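Let's take a look at how charged side chains pair up in this fold, and then at what surrounds the ligand.

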Amino acid sequence: MATTFKRTLGATLVGLTCAAGAQADNPIITERFTADPAALVHDGRVYLYVGHDEATEEGDFFVLKEWNIYSSDNLEDWTLEGAVPRTIFEWAEHDSAWASQATEHDGKFYWYTTVRMPEPEDGEGMGGYTLGVAVSDDPVTGWKDALGEPMLDPNETEPAEHMIEHSHSWDDIDPTVFVDHDGQAYLYWGNSHLYYAKLKDNMIEFDGEIHRVDIEGMPGTFTEAPWIHEHEGMYYLTFAMNYPEELAYAMSDSPAGPWEYKGKLMEVIEDSGTSHQAILKYEGKQYFIYHTAALPTGGNFRRSVSMEHLRYNADGTIKKLTPTASGITHAAQALQSFADTDHYLRYGSDEAVSATGLEAEDHYNFKWHVKALVEQGGNTVSFQPETRPGYYLVAEDGEASIVEHDGTDAFARNATFEQVSGLADGDWSSFRSIENKDHYLMVKDGELILGNPDSAAERKAATFQVTPTE
Ligand code: FUB
């Protein structure tokens, strides 16, 4: 894993003092909380634009003072290139560097952002969230407000009813830009209401009217986070639906719609009311980038960006995704029991771990992301349930259970085991707590417990095999 901090941003540089922390498994950025990813590819390099979540653990709303830009040429090593403060939009206010997307067009870069503007002083109409657009000759440096004013007045669109009782609206957020093969650019955006408009050739002004979009057959409510992409001649609109948010998608044969609902892409994210997806095409493969609450002490306002492979069915529909701890570069592992080799360790949505046979419909809950939280003597491991990133198997108070990482060193130690030669068979493994070497993981009556094996049967029960699942 390489971590570097490369470029500075002249006038837009803000205080970045820590090295960029990034890793290939999920979350892909670990040194800070990041949200609302958007990616573009330029000169063979991926540029990832994210909001920097700075809310405290007790915080009850988003605090986003700046956007951060990372880059990578292998999707494994991410370099923090710099940060652009919300204040490049001088007419905006608050810590409102919400979701954004940048694109390259005719040799220039255009970055469509969400920011908040003041409420009108005369009390006429609403202020609130709106769209800003910045322009630059470079994907990282030199971003300047292209218009010196918002792309639209929030009063030009009619907010959803639940916003009308407020002094500000937030229906004009989350822009996504799409440039079609004929060079026509489209901007989609919205919260509760979904809008789109064509862009003029100058990429910074609307060309014609703003349309309100309906998604035909949608079984829920459009929430936010639209993203448009194209694949083999079909157009895809992915978005967040309902609240807490599920990620879903619709398809069309035109970037202007009509859009037909096609299904859910991801269920509600554990511990986060929002997610927000981007689709990346890079070196012949496609990726789904989104945010979760998986970093220790994460939550609704302390999110972290993750990545999965995006795959299609033969009919062009998208295969449903599951948030994983292993991400795009690691293989998840299964933990097979020596005492009954048909049995594997499995987690659920609570604290318990059981050992049972696999069912035909099993996809995930026997998979673990195996990586040490505490490196000690070269043979330590920690176990994260593959689809509960941020949760770990811990040995504490004499019990083995699944618990959310609280960010403390004590937690990390409790979630770390020494991997030793199998007590019943040296070709297999046994695992004992690094905090209490008498406490081994073992299976009793189909449940995972901690114990100190002293019979042949107990030594078998404390013996496992770690095997790749794919
Ligand atoms: O990050 C602030 C807001 O939360 C974004 O604009 C929405 O998409 C949601 O992720």
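A salt bridge here means a side-chain nitrogen of Lys or Arg within 4 Å of a carboxyl oxygen of Asp or Glu. With that in hand, take arginine 388 and glutamate 270: their closest N and O atoms sit 2.8 Å apart, which makes them a salt bridge. The two come from distant parts of the chain, 118 residues apart. Arginine 388 belongs to the loop between strand 27 (383-385) and strand 28 (391-396), while glutamate 270 is in the loop between strand 18 (259-266) and strand 19 (278-282). Arginine 388 is buried at 8% relative accessibility, whereas glutamate 270, at 32%, is partly exposed. Elsewhere, shared partners link Glu246, Lys264, Glu267 and Lys320 into one salt-bridge network.

Keep in mind that this is a predicted model. In total it has 17 salt bridges. One of them joins lysine 371 to aspartate 25, with 2.9 Å between the closest N and O atoms. Lysine 371 is in the loop between strand 25 (368-370) and strand 26 (380-381), and aspartate 25 is in the segment before strand 1 (33-42), so this pair ties together parts 346 residues apart in sequence. Their surroundings are not alike: lysine 371 is partly exposed at 35% relative accessibility, but aspartate 25 is buried at 2%.

Then there's aspartate 53 with arginine 303, a salt bridge at 2.7 Å, N to O. Aspartate 53 lies in strand 2 (residues 45-53) and arginine 303 in the loop between strand 20 (285-292) and strand 21 (304-309), so the bridge connects parts that are 250 residues apart in sequence. Both of these residues are buried.

Arginine 303 also turns up around the ligand, so which residues keep it company there? The others are Asp36, Phe62, Leu64, Trp98, Ala99, Asp174, Glu224, Thr274, His276 and His291. By type, the shell splits into four nonpolar, three polar and four charged residues. Here are some side-chain distances to ligand oxygen atoms:

| Residue | Side-chain N or O to ligand oxygen |
|---|---|
| Aspartate 36 | 2.5 Å |
| Histidine 276 | 2.7 Å |
| Arginine 303 | 2.8 Å |

And how much of the ligand's area does the protein bury? Taken alone, the ligand exposes 280 Å², and the protein buries 99% of that.

Arginine 303, then, is worth a second look in the viewer: its side chain bridges to aspartate 53 and also places a polar atom 2.8 Å from a ligand oxygen.

Terms used. Residues numbered from 1 in each chain as written. Predicted model: local features only at pLDDT ≥ 70, side-chain atom pairs only at ≥ 80, totals over all residues. Heavy atoms only, no water. Helix = DSSP H or I, 4+ residues; strand = E, 2+ residues; numbered from the N terminus. Buried < 20%, exposed > 50% of the residue type's maximum accessible area, 1.4 Å probe, protein only. Near = heavy atom within 4 Å. Polar contact = N/O pair within 3.5 Å; in protein donor to acceptor, adjacent residues only side chain to side chain. Areas by Shrake-Rupley, 256 points an atom, 1.4 Å probe, with all protein chains shown as cover. Nonpolar A, V, L, I, M, F, W, Y, C, P; charged D, E, K, R; others polar.
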